[in-house]
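This short report introduces a metal site and the strands beside it. Please look over the sequence and the structure before reading on.

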Amino acid sequence: MKAAVYYGPRDVRVETVPRPSAGPGEVVLRVRRCSVCGTDKRIFTHGQKNVVPPTITGHEIVGTVHEAGSGVDAEIAIGMNVVVATVVGCGKCIYCRRKQYNLCDSFTALGYDYAGGFAEYVKIPAAAVAQGNIIPIPPAMSLERAALVEPLSCCLNGQEYLNAQPGDRALVFGAGPIGLMHAAILKARGCSLVIVTDVSDERLAYVREFGLGQTVNTAGGDAVAMILEAAGGEKFDIALTANSVKSTQAAALKLVRKKARVSFFAGIPKDNPVLDIDTNAIHYNEISVFGCFASNLAHYHQALEMVQRDDIPWDRFVTHRFKLDDMVKAFAVMEAGQGIKTVIDCE
Ligand SMILES: [Zn+2]
Ligand SMILES: [Zn+2]
């Protein structure tokens, strides 16, 4: 089969490799689409500890069941279109016992520890199959909408903590695919104001074109003052950072009202994660600050429901499409920060 094999940072080669076959409990999917995550780009650019070359990355997988090994539940039928949950729990730790697999102390993940979806076929390990990670999609669902399920599931995990209510004022830092998905959720939940900030006019233009909210380009200015001005001087009930810029975490805390909910949705560079913040502002103003990591199976099922909504312009989220042969070009688009979602057509 054809696969984009990762040999190390900046070294991805499209090659012919052996096609996987399904052992007991395993399932092999014919990959239809695999969208490119910011993490895939980061691995391509810098590498990552648990991604040991040569391997195949890609975890936002949409596939068709090709082969099911012995003992696989009959509900996973050959020819069925599915999406795949990324994280595989150890099944033993306290978090796995609570079915919080994304928080598992020793989780493994497709596209990281196991070969992923930038290939014509992908093998889903038995532990993932048994955990329920293969999730059927409605036969009529477009493959590209299905390719949004994984990133959207992560957003829905973060949104669970934020508990957006009709009339809330919401602020999203970062107009990448994740920031736009958050804006779409906040709008769908009835927020009266959604402001998205970024330093790229190109990305902010998508927010307005998709009708997801107002925008502020904070490049070169005092972000807090600029955002407050755009918000008519009123602060926010919800603020969420969907970028890896530490200063936006501090800005988020300065821009929220009493009883606000703040999500540090995105991680920041590991070499400098300590933030100087006024914890009394959190104390006196009853502000809640939440983290978020990946997603759980329930969030995939919620995301699958949500991508079927036609009042959200999901079909416009995919701005770039490439064949597997052009995998390196897809990474170049991501590195240049172009467009919103880049999807690989693996057929
Ligand atoms: Zn992802
Ligand atoms: Zn575990």
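## Terms and model

Two strands are said to pair if DSSP finds at least two bridges between them. The model described here is a predicted one.

## The zinc site

The zinc ion (ligand 1) has as its protein donors Cys37 through SG, His59 through NE2, and Glu60 and Glu150 through OE, and these lie 2.2 to 2.6 Å from the ion. Along the sequence, the donor residues of the zinc ion (ligand 1) follow the spacing C-x21-H-E-x89-E. Because Cys37 sits in the loop between β3 (27–35) and α1 (38–46), while His59 sits in the loop between α1 and β4 (60–68), the pair ties together parts that are 22 residues apart in sequence.

The angles among the 4 donor atoms run from 78 to 162 degrees, and the site of the zinc ion (ligand 1) is irregular. Cys37 counts as buried, with a relative accessibility of 14%, and His59 also counts as buried, with a relative accessibility of 3%.

## Strand β3 and its partners

Of the 9 residues of β3, 8 are buried, so this strand is largely enclosed by the rest of the structure. β3 pairs with β4 in the antiparallel sense over 8 bridges, and within this part of the model the bridge partner of Ser35 in β4 is Glu60, a residue that is also a donor of the zinc ion (ligand 1).

β3 is also joined to strand β8 (residues 121–124) by 4 bridges, the two running antiparallel, and in β8 the bridge partner of Arg30 is Tyr121. With strand β17 (residues 341–345), β3 pairs in the antiparallel sense over 3 bridges, and Cys34 stands opposite Ile344 in β17.

Key:
Residues are numbered from 1 along each chain as its sequence is written. Chains are lettered from A and ligands numbered from 1 in the order in which they are written. This is a predicted model: local features need pLDDT of at least 70, side-chain atom pairs count only at pLDDT 80 or more; totals for chains, interfaces and linings use all residues. Side-chain values use heavy atoms; hydrogens and water are left out. Donors are N, O and S atoms within 2.8 Å of the metal (3.2 Å for Na, K and Ca); water is not among the atoms, so sites may look incomplete. Four donors count as tetrahedral if all angles lie between 85 and 135 degrees; four count as square planar and six as octahedral if opposite donors are over 155 degrees apart and all others between 65 and 115; anything else is irregular. Buried means under 20% relative accessible area, exposed over 50%, partly exposed in between (1.4 Å probe, protein chains only).
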